[in-house]
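Work through these exercises with the structure open beside you. Try each task before reading its solution.

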2 protein chains.
Amino acid sequence: MSFIVTPQSMHFDEPLPLQGGGSIRSYDLAYETYGQLNADKSNAVLVCHALNASHHVAGVYEGQPKSQGWWDNMIGPGKPVDTNKFFVIGVNNLGSCFGSTGPMHPDPETGRIYGADFPVVTVEDWVDAQARLLDRLGVDQLAAVLGGSLGGMQALSWTLRYPQRMRHAVVVASAPNLNAENIAFNEVARRAIVTDPDFHGGHFYEHGVVPARGLRIARMIGHITYLSDDVMNQKFGRSLRAPELPPGADPQPGDVAQGLRDYLYSTQDVEFQIESYLRYQGEKFSNYFDANTYLLITRALDYFDPARAHDGNLTQALAQARASFLLVSFTTDWRFAPARSREIVKSLLENNRDVSYAEIDAPHGHDAFLLDDARYMGVMRSYFDGIELNLNSKEAA
Amino acid sequence: MSFIVTPQSMHFDEPLPLQGGGSIRSYDLAYETYGQLNADKSNAVLVCHALNASHHVAGVYEGQPKSQGWWDNMIGPGKPVDTNKFFVIGVNNLGSCFGSTGPMHPDPETGRIYGADFPVVTVEDWVDAQARLLDRLGVDQLAAVLGGSLGGMQALSWTLRYPQRMRHAVVVASAPNLNAENIAFNEVARRAIVTDPDFHGGHFYEHGVVPARGLRIARMIGHITYLSDDVMNQKFGRSLRAPELPPGADPQPGDVAQGLRDYLYSTQDVEFQIESYLRYQGEKFSNYFDANTYLLITRALDYFDPARAHDGNLTQALAQARASFLLVSFTTDWRFAPARSREIVKSLLENNRDVSYAEIDAPHGHDAFLLDDARYMGVMRSYFDGIELNLNSKEAA
């Protein structure tokens with residue numbers, strides 16, 4: 001049984017200047033906190049979310065026992081990031097669709113729903129907004145910023161924009177920027193959404209529709225890149241869909257009789273279990289995720305590239321970081337392969353930064369960062385135990 | 001300057017029974033031949049095509065100097081498959097959209113355009129249709145069947161369906177079946193097409209439209225899987241699109257100034273060169289390729305699995321093959337990785353078949369099978385020289 005949490009919201013009236021020019025005049029940030037801020041306010045940990053996650057990082061909502069946060073296995077009382085010791089903050093990023101101001105909200109300038117006119121926000125913009133939330137929460141300096149995937153990019157960005165406001169950066173399954181293939185997959189997903197006739201140039205809200213077809217395709221593509229080839233073969237292989245699988249059920253390995261029922265010989269019906277799985281994931285996603293948010297968040301991924309202002313030199317870019325680092329990658333992650341984490345490690349070492357790095361031999365591809373793996377959990381626990389020891393020795397001193 | 005070729009067509013009135021049940025009552029096959037059939041009819045080579053190719057394998061059409069066939073670098077006078085020595089046959093498969101009977105043609109039973117009602121055809125069906133074409137051309141036994149990717153699957157199928165009608169199988173960049181990830185990518189592409197409102201359940205011809213949005217997405221996905229990560233990074237990397245690139249031009253590496261022009265900060269405009277490349281490829285494809293053909297051919301890929309009837313045992317499945325084999329794979333091909341070719345090689349060796357295997361260290365991913373690579377071309381040339389030597393010694397005997 002997990003602990004009970006309550007989502008909160010903070011309103012901001014000071015305009016937030018944006019990397020892409022202009023600003024957001026006023027906005028709300030949805031957030032949650034777990035644990036207690038200690039007396040010297042030194043035990044705060046900020047958790048940054050990736051594409052489709054939110055401020056609901058851990059715990060469950062009152063009366064909703066299945067509403068676990070997306071990193072509930074990592075964060076909570078007695079967990080690797082122990083909320084008996086740390087004050088953990090989860091925040092929903094601007095432009096997202098889970099409570100913070102986003103494309104589905106009215107533009108205060110015009111009163112019209114933002115839609116596709118919501119400004120393009122970057123990782124740096126999110127970090128700036130998170131820093132303002134910390135101001136309000138009375139947190140001057142974070143013990144750590146922690147994130148996986150796009151969340152890891154935010155943690156990395158924190159070390160460059162607010163080097164004095166944090167002591168540790170934990171960057172999991174991430175990369176110093178997207179490569180061409182990463183951008184390519186994002187672009188296909190965006191084109192699927194934008195060319196859906198129900199997208200209406202991003203103002204579909206006014207038409208009472210959502211570009212569900214495009215969102216489904218986007219999510220299906222995403223899912224392929226989150227899983228390793230091996231785990232997909234192991235979970236689904238060439239298994240045919242079990243005819244007895246109830247409609248809408250989440251297909252699981254083992255549901256399908258491996259026997260040689262004949263093919264359906266159809267181009268449009270579901271024939272293989274992997275097809276059923278992807279269609280189900282696409283359908284589920286299209287029912288809750290905002291299309292404009294998808295465009296914004298994938299673009300933030302595309303744009304993130306701290307080395308860009310240094311002519312591609314990541315070592316120069318990371319010179320201003322002051323934090324200690326833990327980087328974690330997973331051997332079968334082909335979306336953000338270990339080599340991408342190693343680029344960051346190398347650049348940090350060239351700057352004589354304090355770096356720990358764990359390359360976890362896990363079969364699950366990019367998704368591994370959300371899953372239980374004994375070695376991964378152990379690495380995280382011991383790193384955060386070390387942060388806490390420092391807290392205690394400071395208190396003792 | 002390449003040689004001049006003329007496409008031909010053969011009409012068949014005998015119904016072709018299909019793997020999926022039923023038959024195609026009558027049909028036409030478009031084909032081309034290069035070189036001369038020798039006196040003892042022993043020098044015929046059949047070339048099988050992959051997803052979006054055709055019977056136009058080599059040479060150019062009269063007055064169209066840029067109309068080179070899709071494997072013109074491999075096949076022709078003096079080339080690795082030398083048409084001064086071999087009689088080469090290219091045939092467009094049933095269900096394709098380049099001249100053979102397909103979904104855009106009327107069903108002779110009803111007079112209505114087939115559309116989505118065109119029967120689901122398999123690799124085995126194509127092989128059977130090819131065998132009938134050879135009957136008509138007076139070719140009892142092929143010197144070799146040659147194909148890359150899906151074409152390689154046809155070559156493999158030939159060794160099982162007509163083991164006595166061929167002496168060599170050349171299987172390039174192929175696999176004994178699709179894995180879950182391969183099927184997943186096919187399924188996303190099909191969903192993009194089928195859910196395009198202009199698809200009209202596959203009967204878009206009657207509506208005077210084509211599901212161009214879906215075809216574009218399908219092709220963009222395909223292109224990502226044809227290229228290696230490395231070559232995509234090398235050709236495109238994170239380069240921004242050159243503002244001066246003329247509209248509709250085929251983007252090339254080097255077109256783009258690598259300088260730090262600022263981002264556009266847009267979710268829908270083309271920002272990166274890789275986006276421009278993919279959109280262009282998608283657009284071009286949607287202008288010439290038939291959507292129902294795309295569904296049919298990807299499904300034929302999904303279904304191909306000779307081991308299926310042997311409880312997944314590929315060695316048992318290949319026991320009936322009599323041909324000598326050359327298999328070729330490319331190190332950076334992640335669509336049909338070398339490990340997939342090695343599965344075939346292993347099963348053939350377990351059957352004591354005569355097998356040559358070359359794993360070519362090439363950077364271009366799956367596309368490598370269509371490109372010039374000195375070692376690849378050398379392997380192909382020497383294998384076909386060996387076939388030709390056998391022809392000559394037979395003639396001398």
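A residue counts as buried when its relative accessible area is under 20%, and as exposed when that area is over 50%. By that cut-off helix H1(A) is mostly covered, with 11 of its 15 residues buried. Keep in mind that the model is predicted.

**Exercise 1. The sheet**

Task: Give the strand order of the open eight-stranded sheet in chain A, and find its edges.

Solution.
- Step 1. Trace the strands across the sheet. The order is S2-S5-S10-S6-S11-S12-S13-S14, and the pairing is mixed.
- Step 2. Look for strands with a single partner. These are S2 (8-12) and S14 (355-360) of chain A, so each has one side without a neighbour in the sheet.
- Step 3. Check the twist. Neighbouring strands are turned by 20° against each other on average, direction ignored.

**Exercise 2. Strand S10 and its partners**

Task: State the sense in which S10(A) pairs with S5(A) and with S6(A). Then decide whether the residues of S10(A) are buried or exposed.

Solution.
- Step 1. Recall the two options. Strands of a sheet pair through backbone hydrogen bonds, either parallel or antiparallel.
- Step 2. Take S5 (residues 27-34) of chain A. Its pairing with S10 (residues 87-91) of chain A is antiparallel, over four bridges. Here Tyr34(A) stands opposite Val88(A).
- Step 3. Take S6(A). It pairs with S10(A) in the parallel sense, also over four bridges. Val45(A) stands opposite Val88(A).
- Step 4. Sort the side chains of S10(A). Phe87(A), Ile89(A) and Val91(A) point one way, while Val88(A) and Gly90(A) point the other way. All are buried.

**Exercise 3. Helix H1 on the sheet**

Task: Name the strands that H1(A) touches, and describe the helix itself.

Solution.
- Step 1. List the contacts. H1 (residues 123-137) of chain A packs on the sheet and touches S2, S5, S6 (44-48), S10 and S11 (142-148) of chain A. Its direction makes about 105° with that of S2(A).
- Step 2. Check the length. The 15 residues of H1(A) reach 21 Å from first C-alpha to last, close to the 21 Å expected at 1.5 Å a residue.
- Step 3. Find the covered residues. Among them are Trp126(A), Val127(A), Leu133(A) and Leu134(A), along with the acidic Glu124(A), Asp125(A) and Asp128(A).
- Step 4. Look past the end. Gly138(A) follows, with a positive phi near 75°.

**Exercise 4. Helix H9**

Task: Find what the buried residues of H9(A) pack against.

Solution.
- Step 1. Set the span. H9 (residues 338-350) of chain A has 13 residues and reaches 18 Å, close to the 18 Å expected.
- Step 2. Pick out buried residues, including Pro338(A), Arg340(A), Ile344(A) and Leu348(A).
- Step 3. Follow their packing. The partners are H2 (150-161), H8 (314-317), S13 (324-330) and S14 of chain A.
- Step 4. Check the exit. Asn352(A) follows H9(A), and its phi is positive, near 55°.

**Exercise 5. The interface of chains A and B**

Task: Which three residues supply 14% of the area that chain A buries against chain B?

Solution.
- Step 1. Count contacts. 62 residues of chain A meet 62 residues of chain B.
- Step 2. Take the area. About 5,400 Å² is buried, and carbon and sulfur atoms give 61% of it.
- Step 3. Name the contributors. They are Arg238(A), Tyr265(A) and Arg308(A), which supply more than any other three residues.
- Step 4. Look for charge pairs. Eight salt bridges cross the interface. One joins Arg238(A) to Asp305(B) at 3.1 Å, N to O.

Conventions:
Residues numbered from 1 in each chain as written. Chains lettered and ligands numbered in written order. Predicted model: local features only at pLDDT ≥ 70, side-chain atom pairs only at ≥ 80, totals over all residues. Heavy atoms only, no water. Pairing = 2+ DSSP bridges. Helix = DSSP H or I, 4+ residues; strand = E, 2+ residues; numbered from the N terminus. Axes fitted to C-alpha atoms, helices over the stretch in contact; angles between N-to-C directions. Contact = heavy atoms within 4.5 Å. Expected span 1.5 Å × (residues − 1). Buried < 20%, exposed > 50% of the residue type's maximum accessible area, 1.4 Å probe, protein only. Buried area = accessible area lost by both parts, 1.4 Å probe. Salt bridge = Lys/Arg side-chain N within 4 Å of Asp/Glu carboxyl O.
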